[in-house]
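Got your viewer open and a selection box ready? Here is a walk through the model, one pick at a time.

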Amino acid sequence: MLASHRWLVELSGVDASVDDIGDRLTRLGLEVEDTIRFGAGLDHVVVAEVRAVAPVPDKDKLSLVTVFDGEGERQVICGAPNVPAPGGRVVLAKPGAELPGGMAIAERKVGGVVSSGMLCSETELAIGAGTAGILVLGKGDPGRPGQLARDALGLEDAVYEIGLTPNRPDCLGHIGLAREVALAFGEPFRPPVPGFPSRFVSTDAKLRGADELPFIDDAQPSAVDTLTLVGPRPDVPILVPITIEAPDRCPRYAGGVVQGVTVAPSPFWLRFRLHKLGVRAIDNVVDVTNLVLQELGHPIHAFDLARVRGPRVVVRLAAEGERMATLDGEERSFTADDLLICDGGGPVAVAGVMGGADSEIRKDTRDVLIEVAYFDPRSIRRTSRRLGLHTDSSHRFERGVDPHGVPWAMRRAASLISSLAGGAAAPTARDVYPTPIGERAIALRPTHVGRLLGLDVPEAKVRGALEAVGCAISPAEGEGWRVSAPTWRPDLGRPEDLIEEVARTIGYDAIPTELPRVLPSGRGLAPNLRAAWRLREAAADLGLLEAVNYSFVSRSDLEAARVPAEAVELANPLSEDRAVMRTSLLPGLLDAALRATRHQASTVALFELARVYVPSGQRLPTERLELAIALAGDRPGHVGADGSYDFYDAKGALASVVDAALGLSLETVRPDVLDPSLHPRRSAEVRVAGARVGVIGEVHPDVTDALGLDLRVVYASVSLDALLEAAGARGVPQASGLPRFPSSSRDVAFTVPSELEAGAVEAALREVDEALLESVQLFDVYTGPGLADGSKSLAYRVVYRDPEATLTDKRVDKAHGRLVTSVCKRLGLEVR
Amino acid sequence: MAEATDEGAALERFEAGLADVEARLADAFEGATTEQALREANAKILGPSGELTGLLKLMPRLPKDRRRELGQRANATKARVQEALDARLEALARAAREAELTGPALDVSLPGRGVTRGRLHPLSRTIRELTDVFLALGFDVEDAPEIDLTQNCFDRLGFPPDHPATDMQDSFYLRAPDGTVDPEVVLRTHTTTIQIHQMLKRPPPLAVICPGAVYRRDDDATHSPMFAQIDGFAVDEGLTFAHLKGVLTAFVRRLFGDEVPVRFRPSYFPFVEPGGELDMGCVFCRPWEGDAERTRACRVCKGTGWMEILGCGMIHPVVFEAVGLDPSRYSGFAFGMGIDRIAMLRHGISNIRLLYENDVRFLSQL
Ligand SMILES: [Zn+2]
């Protein structure tokens, strides 16, 4: 919401500085996000009167204009096509002036003539968007020659950009904001009373029916003296019949006629006011509707009455598939849930959203039908969303305008149109309002206020605050109050809403700051989050960088990485690149690796701990926390690389992280089922205590090739739940005491077929029933000279110990012999 | 006679040999400049085929009556040889140590071995730091699903249907396997759902925060369709707005420093009433230090001196009603904040995209 400081001061009667008002609005909950200044500088820019216009020799498009600047005459060269005849007033920038765009004005010679200044356009002064040439002041515009334009035209202003929350439709107009300004300064607020039209259509008809809204308010007879009666225009109605067929969607609809207008540009003050608020000036009728919208926050619409067939108005729901062209030139189709304003022939406007192209105000419009209505907010919102049409009007209606603001807006619009466009208003407008909307009553115990805020608020203060925002208080049962909320505040519905009004008024600063006595539950971090943190920290400690990828990927990302493609699909993704929820962390990490190689990184060492999403067959998918590690490129040596990362780096990293974080040791075994994203000969299943917790391996080279990644990537991923289960089953590690007698060790090397896994030999060694055996440790793997092709040597150190005695060499030799023989026999091996 | 002559000759050889060893002792070892040379020199004398060993082999051929005396002399010589050897060994070791201690220095600028730069993601680090503060303030940390029912994400939090309040949070919906859109399942738009999940699970008193990823259909220079939030709330009998102010003021001070001013101002979220936002003094231009010019020129706070950091308020009675708690008995406060923004503020990160691009050059910076 854009709001003019000058206008707020006018309406609130609070004459405070731009900063002061802005700051107090912010503290009241109307956050001023930015302030835009107008008319600053312009020190040597004055109103001037044209005295003579002459051509410039040899320059077709230029004229030599003699102007009176209040002190004397001077000549300026002007290229605009719209220099007024002598007597017209313009805005002159004298030499020494600096315009908002940074242009400095100085005397200069054009075609042998000295130009001492410049006649300015609205754009050059940054006070409007007029493109027709220089700014020419009209008869109704103020300004004496020589007066600073800034003062004469009221150019100095500041416009607040207010980040309005959706609960405050009342502040979508300056009157509502002015009420808040008065509240902020503790001043009473008197809403402005709209004047009434000064020219009326004279009629003999008795117009004061039940559904009619008189323009002259009997309670304020002041301006009657100046009232002019004008004869009605032939065949132009004074009242237009209105039928509301959907009163739940449109509880109130008023239509008023202004006859005999002359559509023309608005006076400067109106154009400038709209310009400051970011609204394009169009003509004196449309500008009035926009001004009333900015003023009261109530959107109104003006129809060219000659194009309203019937003439009559019917407010009804659209027929499914019914069509109409809107003001923006789009042909639109409606559903049976959209509310339309129709005339005798068909739809003329999308209620509360946008008018139709056929009935808009044109240059030749002579008679105007003003629409002021109240529509059901939810209905407007649904239509606006369905059509993708968000307008100043729908924005306000869907938040809820004041149904009781209709007469005000009607009077104001009719009065402004009749005075600016020279029309004559009908004496009354039709106002169909079958079931008036009452004020909402809220039961409030004043003591509740202090109890929720933690501050003792005297009853009188509560009352004062509520009355200041427009509530009326009457006593209710017991100590309670019955508080009626004003109809412009649809957000007030419960006692807590009223408490906020009190808190806002006394200021949140006035509420004390104290720590509650919350007794900690002792739970602290949930177990899975605790484990996640430990894993993250362990991974980072190990030298890995943590990645955070978007949870959504493209289906082709899943396919390219060969991870499960049965994924949770978004119905309304921002793009195909982010259309499904990931089923694996692999695509994200591969993408990060690819990105790193594009930046010439030679080493990639990443991890991610995040969720994957798996369709469950139920309404909500399964979300699973996983830890994934990806290594690629150079393995860092002391200085420079020490080879490239391989399977064993990933295994070591994963084992180290899982051990450091959760005290679990893992093992890797050849997978029963190959993971299609991994290398079939260089991948494994990760197990903890025999249970599968994840996978590890080199990413399938075809996968990395397809991505254009020319590095081999090794990857590991484990499920957090599976790890937690294993950790839970293992329990707390128990100490086993230290041995009292020394151990003794023997080394043995076996020659084995290349494909036999060391793990199998080690397992066989451990499985021998040998009481003295304590541990087995692989210390060398050898292939090469001295060994037959297709075989390798595995060397183990075997440690023996008798817990009850010191071993003799003889006992050890005997035990070792038995062990080696047994394993050789079992696996068909030879001792090297 | 032959025997006597033989004894004489042996004695002569023995005496001469011993004298020779004694005479050469000093030189033999002095000339050796390495331990290896020294051991070789020693072997020539004391080794199995060394001179002294050879002399000792003469012993049976020496006159019987002198053997004892000659043996003692030989042993004394042997001891002197050993002594000289040890002395020389020690001198050599000393010289080597001297050489090490005065010789070429290590290149201490070379990197340490086995140390690589691992880092937590700035979002993780920020979550961790924020979480630690709330843990210390007595809050539990819990988790909630990222894909949730609109009932939990909106309805139970008091978002009216067809109300512009939901504009603030444009949601991603899911497509069912049969191709239809399920209008009641969304990627959560805020971690505020934790209120519903926890209040349905456990009775008050409750004090819980929930960090996590949230999703909104926004993608521009300042918005990412996925971002991180922390929401928190407390429910008990007798909790007040003053308590809300107390907890959040403590939070900001712990995170940014005791000198940072805070202010609460009214704002609107459907699930709180009264609702508010917390502004903290701008940590870039630090207006409390009194340099007004610096604040005027500050782009981060647009010259206001304040930065909006979180939304908060007293839990709306509709939320209590939605989870079956009695709003006349319980009250509570709730708050929520964007972690991305806090991480960006803390680490001087200018573009939100950096947080999700996983550029290793960025990840290894912080
Ligand atoms: Zn600042």
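What follows is a list of stops, each with something to select and a note on what sits there. One thing before we set off: this is a predicted model.

**Stop 1: the interface of chain A and chain B**

Colour the two chains separately and select whatever touches across the boundary. You should pick up 84 residues from chain A and 97 residues from chain B. How much area do chain A and chain B bury between them? About 8000 Å², with 58% of it on carbon and sulfur atoms.

Now switch on the side chains. There are 11 salt bridges across the interface of chain A and chain B. For a sample, zoom in on B:E321 and A:R494, whose side chains meet in a salt bridge with an N to O distance of 2.9 Å. Polar contacts across this interface add up to 45 residue pairs, with both residues at pLDDT 80 or more.

Next, hide chain B and look at the side of chain A that touches chain B. Helix α14 of chain A, residues 527-541, gives the largest share of that side, with six residues. Colour that side of chain A by residue class and you get 40 nonpolar, 15 polar and 29 charged residues.

**Stop 2: a strand pair across the chains**

Bring chain B back and select residues 569-570 of chain A together with residues 173-175 of chain B. These are strand β32 of chain A and strand β3 of chain B, paired in the antiparallel sense over two bridges. To see one pairing up close, label A:L570; its bridge partner in β3(B) is B:L174.

**Stop 3: a three-stranded sheet in chain A**

Stay with chain A and show β27, β29 and β28. They form an open sheet in the order β27-β29-β28, with antiparallel pairing. Why is one side of β27 (440-444) and of β28 (472-475) left without a neighbour in the sheet? Both strands of chain A stand at the edges and each has a single partner strand, so nothing in the sheet flanks the other side. Turn the view along the sheet: neighbouring strands are turned by 30 degrees against each other on average, direction ignored.

Then pick β28(A) and strand β29 of chain A, residues 481-485, which run antiparallel and are joined by four bridges. One residue to label here is A:P475, with A:W481 as its bridge partner in β29(A).

Add residues 495-506 of chain A to the selection. This is helix α13, which lies across β27 and β29 of chain A and runs at about 80 degrees to β27(A).

**Stop 4: a five-stranded sheet in chain A**

Select β15, β18, β21, β22 and β23 of chain A. They make an open sheet in the order β15-β18-β21-β22-β23, and the pairing is mixed. The edges belong to β15 (242-244) and β23 (354-355) of chain A; each has a single partner strand, so one side of each is left without a neighbour in the sheet. Inside the order, strand β18 (residues 313-317) and strand β21 (residues 339-342) of chain A run antiparallel, joined by four bridges. Label A:R316 and you will find it opposite A:L340 in β21(A).

**Stop 5: further along chain A**

Over all chains, the structure holds 88 salt bridges. One of them joins the side chains of A:D747 and A:R797, at 2.7 Å from N to O. This pair links distant parts of the chain, 50 residues apart: A:D747 is in strand β41 (residues 744-753) and A:R797 in strand β43 (residues 791-800), both of chain A.

Now centre on A:L756, in the loop between β41 and α20 (758-767) of chain A. Which residues is A:L756 in contact with, leaving aside its neighbours within four places in sequence? Select A:V761, A:K792 and A:L829 to see them. For a sense of scale, draw a line to A:D431: the two C-alpha atoms are separated by 94 Å, and the residues are 325 apart along the chain.

**Stop 6: backbone oddities**

Last, drop to a backbone view.

- B:P204 and B:P205 are joined by a cis peptide bond, with omega about 0 degrees; B:P205 lies in the loop between α7 (193-201) and β5 (206-215) of chain B.
- B:E273 and B:P274 are also joined by a cis peptide bond, with omega about -10 degrees; B:P274 is in strand β8 (residues 272-281) of chain B.
- A:A689 has a positive phi of about 50 degrees, although it is not a glycine; look for A:A689 in the loop between β38 (678-688) and β39 (691-699) of chain A.

How values were computed: Residues numbered from 1 in each chain as written. Chains lettered and ligands numbered in written order. Predicted model: local features only at pLDDT ≥ 70, side-chain atom pairs only at ≥ 80, totals over all residues. Heavy atoms only, no water. Contact = heavy atoms within 4.5 Å. Buried area = accessible area lost by both parts, 1.4 Å probe. Salt bridge = Lys/Arg side-chain N within 4 Å of Asp/Glu carboxyl O. Polar contact = N/O pair within 3.5 Å; in protein donor to acceptor, adjacent residues only side chain to side chain. Nonpolar A, V, L, I, M, F, W, Y, C, P; charged D, E, K, R; others polar. Pairing = 2+ DSSP bridges. Axes fitted to C-alpha atoms, helices over the stretch in contact; angles between N-to-C directions.
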